[in-house]
Amino acid sequence: MKNTMAMSGPLDHNADRFAELQTFVQVARLGSFSAAARQREVSPSAVSKVVARLESRLGVQLLRRSTRRLELTAEGEQLLEQGQQLVTDWVAMESAITRQGQPTGVVRINASSSTGNRLLVPWVGQIMQTWPGLQLDLSFTDQVVDLIAARADIALRWGHLPSSDVVARKLGSTRQVIVAAPEYLKRVGKPLHPDDLNAHVRIGWNYPRAIPHWPLVDGNRQINVSIGEVLRVNDGEAMCGLTKAGAGLSRLSLYHAWDDLQRGNLQVVLEDFNPGDLQPIHAVYVGKPGQLPIRTRAVLDFLKEHVDLRFAEALPPQFIAP
């Protein structure tokens with residue numbers, strides 16, 4: 001005998017099979033089209049049509065209708081027995097996945113070494129205290145990774161992002177300044193105009209997306225000063241360290257330079273020619289914003305609220321080289 005309960009075969013694009021099953025189970029358990037319709041917030045005729053469509057697709061009668069009651073056929077009894085458990089299991093699974101309780105599970109975060117250590121590490125303890133069910137897997141690398149290949153849930157990235165399949169959530173932005181160590185300026189001299197930079201080592205970035213010049217302005221005139229090939233790095237901490245050690249000038253974000261500016265280890269030069277451009281930082285991820293796991297959304301929301309990118313419209317005078 002052919003198994004009329006089998007649900008294999010091509011998908012019927014005109015019907016939601018699971019919705020049909022849910023509707024049938026509700027009708028069978030409540031014994032009424034009207035009662036099922038009230039639960040589903042539709043009309044009794046709509047419920048009747050769904051059950052009729054299910055019967056037509058399966059090729060069997062599931063319910064015997066009379067003016068006073070509904071009775072299940074043998075096939076209806078069989079479908080109710082198996083279908084009820086399917087519906088129960090599905091609802092339980094949905095609840096486990098989408099429950100609005102404490103986020104749990106692993107969140108994998110990728111960042112550059114300097115960004116990870118400066119921006120993320122100080123907050124890890126508070127994240128773990130806030131959500132003890134979370135497990136954080138942190139990978140710090142100065143290579144731009146493919147989030148899917150690296151199995152990363154979130155990546156922290158500086159700069160203007162190229163067009164891609166990832167979703168970007170802006171955390172903030174910070175100004176750029178040209179800085180040098182006070183000892184370097186005493187030894188080599190302080191540049192007073194962008195043209196003076198030709199006499200200085202300009203420490204630059206060597207990663208593919210880096211622009212090969214420093215943008216400056218002189219009145220209404222834009223000046224792009226080439227970084228050159230003398231000294232390039234791919235790490236913000238290394239650039240900051242080389243600058244403090246007197247290896248040359250660098251153009252850093254206030255985010256990277258702030259602490260050393262406060263301590264007097266670095267000083268700002270050519271601020272009168274600073275175009276005031278901002279460098280943004282984003283948390284990027286793969287997926288649709290409304291469908292993120294609770295654990296990923298919780299970390300994204302935390303970073304958006306707590307990340308402190310110091311941005312000053314006017315620098316404190318003590319930061320600028322005399």
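Mentor: A residue counts as buried when its relative accessible area is under 20%, as exposed when it is over 50%, and as partly exposed in between. The model before us is predicted.

Trainee: Why is Trp-258 called buried?

Mentor: The relative accessible area of Trp-258 is 13%. The cut-off is under 20%, so Trp-258 is buried.

Trainee: What makes Trp-123 partly exposed, and how is Phe-302 classed?

Mentor: Trp-123 has a relative accessible area of 24%, which lies between the limits of 20% and 50%; Trp-123 is therefore partly exposed. Phe-302 has 4%, which is under 20%, so Phe-302 is buried.

Trainee: How many aromatic pairs does a search of the whole structure find?

Mentor: The search finds four aromatic pairs. One of them joins Trp-123 and Phe-302.

Trainee: Why is the pair of Trp-123 and Phe-302 called edge-to-face?

Mentor: The ring centres are 5.8 Å apart, which satisfies the requirement of lying within 6.5 Å. The planes stand at 75°, and an angle over 60 degrees counts as edge-to-face. The pair is therefore edge-to-face.

Trainee: What makes this a link between distant parts of the chain?

Mentor: Trp-123 belongs to helix α5 (residues 113–130) and Phe-302 to helix α9 (residues 294–306), with their positions 179 residues apart in sequence. Trp-123 and Phe-302 are also joined with Trp-131 in a cluster of ring pairs.

Trainee: How do you know that Trp-258 and Phe-319 form an edge-to-face pair?

Mentor: Their rings are 5.3 Å apart, centre to centre, with 85° between the planes. The distance is within 6.5 Å and the angle is over 60 degrees, so the pair is edge-to-face. Trp-258 lies in helix α8 (residues 254–263) and Phe-319 in the segment after α9; the pair therefore ties together parts 61 residues apart in sequence. Phe-319, at 3% relative accessible area, is buried.

Trainee: Why is strand β13 described as largely enclosed by the rest of the structure?

Mentor: Seven of the eight residues of β13 (residues 278–285) are buried, so the description follows.

Trainee: How do you know that strands β5 and β6 pair with β13?

Mentor: Pairing requires at least two bridges. Strand β5 (residues 154–158) has four bridges to β13 and runs antiparallel to it; Trp-158 has Ile-281 as its partner in β13. Strand β6 (residues 167–180) has eight bridges to β13, likewise antiparallel, and Thr-174 stands opposite Gln-279 there.

Trainee: Which elements each supply at least two residues of the largest nonpolar core?

Mentor: The largest nonpolar core has 24 residues; Ile-154, Leu-156, Leu-171, Val-299 and Leu-303 have the most contacts inside it. The elements are β3 (105–111), α5, β5, β13 and α9. Helix α9 gives the most, with five residues. Leu-156 touches residues including Leu-119, Leu-120, Leu-171, His-282 and Leu-303. Apart from this core lies another, of 19 residues, among them Val-25, Val-47, Leu-54 and Leu-58.

Trainee: What makes the span of helix α1 close to the expected one?

Mentor: Helix α1 (residues 17–30) has 14 residues, and the expected span is 1.5 Å times one less than the number of residues. The expected value is 20 Å, and the helix reaches 20 Å from its first C-alpha to its last. The buried residues of α1 include Leu-21, Phe-24, Val-25 and Val-27. Gly-31 follows α1 and has a positive phi, near 70°.

Terms used:
Residues numbered from 1 in each chain as written. Predicted model: local features only at pLDDT ≥ 70, side-chain atom pairs only at ≥ 80, totals over all residues. Heavy atoms only, no water. Phe/Tyr/Trp six-rings, centres within 6.5 Å; stacked < 30°, edge-to-face > 60°. Buried < 20%, exposed > 50% of the residue type's maximum accessible area, 1.4 Å probe, protein only. Core = buried A, V, L, I, M, F, W, Y, C linked by side-chain atoms within 4.5 Å. Contact = heavy atoms within 4.5 Å. Lists of a residue's contacts leave out its neighbours within four places in sequence.
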